[in-house]
Amino acid sequence: VYVAAGTTAIVTGAIVDKRIFGGISGNTQITGTLVVSGNTVFNAYVQLGYGQIQFPGTQNPSADAHTLDDYEEGTWSPLIKSETNSGSHAYNTSNGYYTKIGQLVKIDYLVSVTTKDVGMSGTYALLWGQPFQKGAYSTYDAIPVSYWTGIVSSINYIVGHMQNGNIAFYFFFTSAASTGLGAALSPGDIADGTTLAGSGTYHV
């Protein structure tokens with residue numbers, strides 16, 4: 001397609017597996033489907049009149065640091081379990097939302113236990129169900145807890161820490177002002193009515 005300056009080319013059908021070649025110094029309006037199998041270089045800004053960019057359902061990852069290769073929005077179901085995947089509680093609320101932009105995932109969560117599973121065992125209480133596995137970018141990604149109630153231990157501050165390769169994060173808390181991580185939340189800290197809510201980001 002070649003468009004001279006001061007002119008307008010209107011494509012109403014579909015252009016498939018063809019390369020836009022030559023120079024486009026005028027206006028090109030495409031009302032059909034344009035599929036380009038080669039490279040298309042824009043030397044000016046791109047204006048999206050429709051206002052949307054669609055990425056494929058399966059990510060096509062790029063190693064280039066300047067390439068945005070994925071975007072996704074959705075929901076997930078946060079669950080409180082131990083590191084042994086123990087803890088089939090009854091829940092009043094289990095809501096989670098996420099937005100993934102490239103390698104960065106933003107999550108929001110609200111989980112509230114109605115009746116605790118008395119058979120919950122293990123050493124740590126974790127929040128399970130994150131939509132993507134954490135990648136190996138740092139030792140921990142911190143997931144703040146902005147609201148909590150119904151926890152057995154006396155808590156001054158609590159934060160979630162997500163480790164490499166996990167789809168769950170551990171909780172660490174302090175019972176007084178402290179600069180350290182403090183103690184880990186355990187299955188014994190979970191009770192009927194335990195509620196946790198917060199939001200944060202991690203890398204995949």
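Buried means under 20% relative accessible area, exposed means over 50%, and partly exposed lies in between, with a 1.4 Å probe and protein chains only. Start with Asn85, which counts as partly exposed because its relative accessibility is 42%.

**Ground rules**

This is a predicted model: local features need pLDDT of at least 70, side-chain atom pairs count only at pLDDT 80 or more, and totals for chains, interfaces and linings use all residues. Residues are numbered from 1 along each chain as its sequence is written, and side-chain values use heavy atoms, with hydrogens and water left out.

**Whole chain**

Colour by pLDDT, the predictor's confidence in each residue, from 0 to 100. The mean is 81, and 77% of the residues reach 70 or more. Now select residues 1-23. Their pLDDT is below 50. Beyond near neighbours in sequence, this stretch has 47 contacts in the model, a contact being heavy atoms within 4.5 Å. Where pLDDT is low, the predicted coordinates should not be read in detail.

Switch to cartoon. The protein has zero helices and 14 strands. Both are DSSP runs numbered from the N terminus: helices are H or I with at least four residues, strands are E with at least two. Of the 204 residues, 31% count as buried. Among contacts with a separation of 6 or more, 59% join residues 24 or more positions apart.

**Strand 6, its loop and strand 7**

Go back to Asn85. This residue is in the loop between strand 6 and strand 7. Its phi is near 65°, a positive value in a residue other than glycine.

Next, select His89. The loop between strand 6 (79-82) and strand 7 (90-101) holds this residue too. Is His89 buried or exposed? His89 counts as buried because its relative accessibility is 9%. Show its surroundings: leaving out residues up to four places away in sequence, His89 touches Ile80, Val113, Thr115, Lys116, Asp117 and Met120. A polar atom of the His89 side chain lies 3.0 Å from the backbone oxygen of Ile80.

Move to Ser94, in strand 7. Which backbone oxygen does its side chain reach? That of Pro78, at 2.6 Å. For such polar contacts, the cut-off is a pair of N or O atoms within 3.5 Å; within protein, one must be able to donate a hydrogen and the other to accept it, and residues adjacent in sequence count only if both atoms are side-chain atoms. Measure C-alpha to C-alpha from Ser94 to Leu79: 6.9 Å, with their positions 15 residues apart in sequence. Beyond residues up to four places away, Ser94 touches Trp76, Ser77, Pro78, Leu79, Leu110 and Val111.

**Charges**

A search of the whole structure finds three salt bridges. Each needs a side-chain nitrogen of Lys or Arg within 4 Å of a carboxyl oxygen of Asp or Glu.

- Select Lys100 and Asp70. Their closest N and O atoms are 2.7 Å apart. The pair links distant parts of the chain, 30 residues apart: Lys100 in strand 7, Asp70 in the loop between strand 4 (34-35) and strand 5 (71-76). Both residues are buried.
- Select Lys106 and Asp108. Here the N to O distance is 2.8 Å. Lys106 is partly exposed, with a relative accessible area of 32%. Asp108 is partly exposed as well, at 27%.
- Select Lys134 and Asp141. The closest N and O atoms are 3.7 Å apart. Lys134 and Asp141 are buried.

Stay with Lys100 and add Phe132. The charged end of Lys100 sits over the Phe132 ring, 5.6 Å from its centre. The test is NZ of Lys or CZ of Arg within 6 Å of the ring centre and within 35 degrees of the ring normal.

**Rings**

A search of the whole structure finds four aromatic pairs. One of them is Phe169 with Phe171, edge-to-face at 5.3 Å centre to centre and 75° between the planes. Rings of Phe, Tyr and Trp (its six-membered ring) pair if their centres lie within 6.5 Å; planes under 30 degrees apart count as stacked, over 60 as edge-to-face and the rest as tilted. Phe169 and Phe171 are buried. Add Tyr109 to the selection: Tyr109, Phe169 and Phe171 form one aromatic cluster.

**Last stop**

Select Ala183, in strand 13 (residues 183-184). Ala183 is partly exposed, with a relative accessible area of 37%. Leaving aside neighbours within four places in sequence, Ala183 is in contact with Phe171, Phe172 and Phe173. The C-alpha atoms of Ala183 and Phe171 are 8.5 Å apart, and the two residues are 12 apart along the chain.
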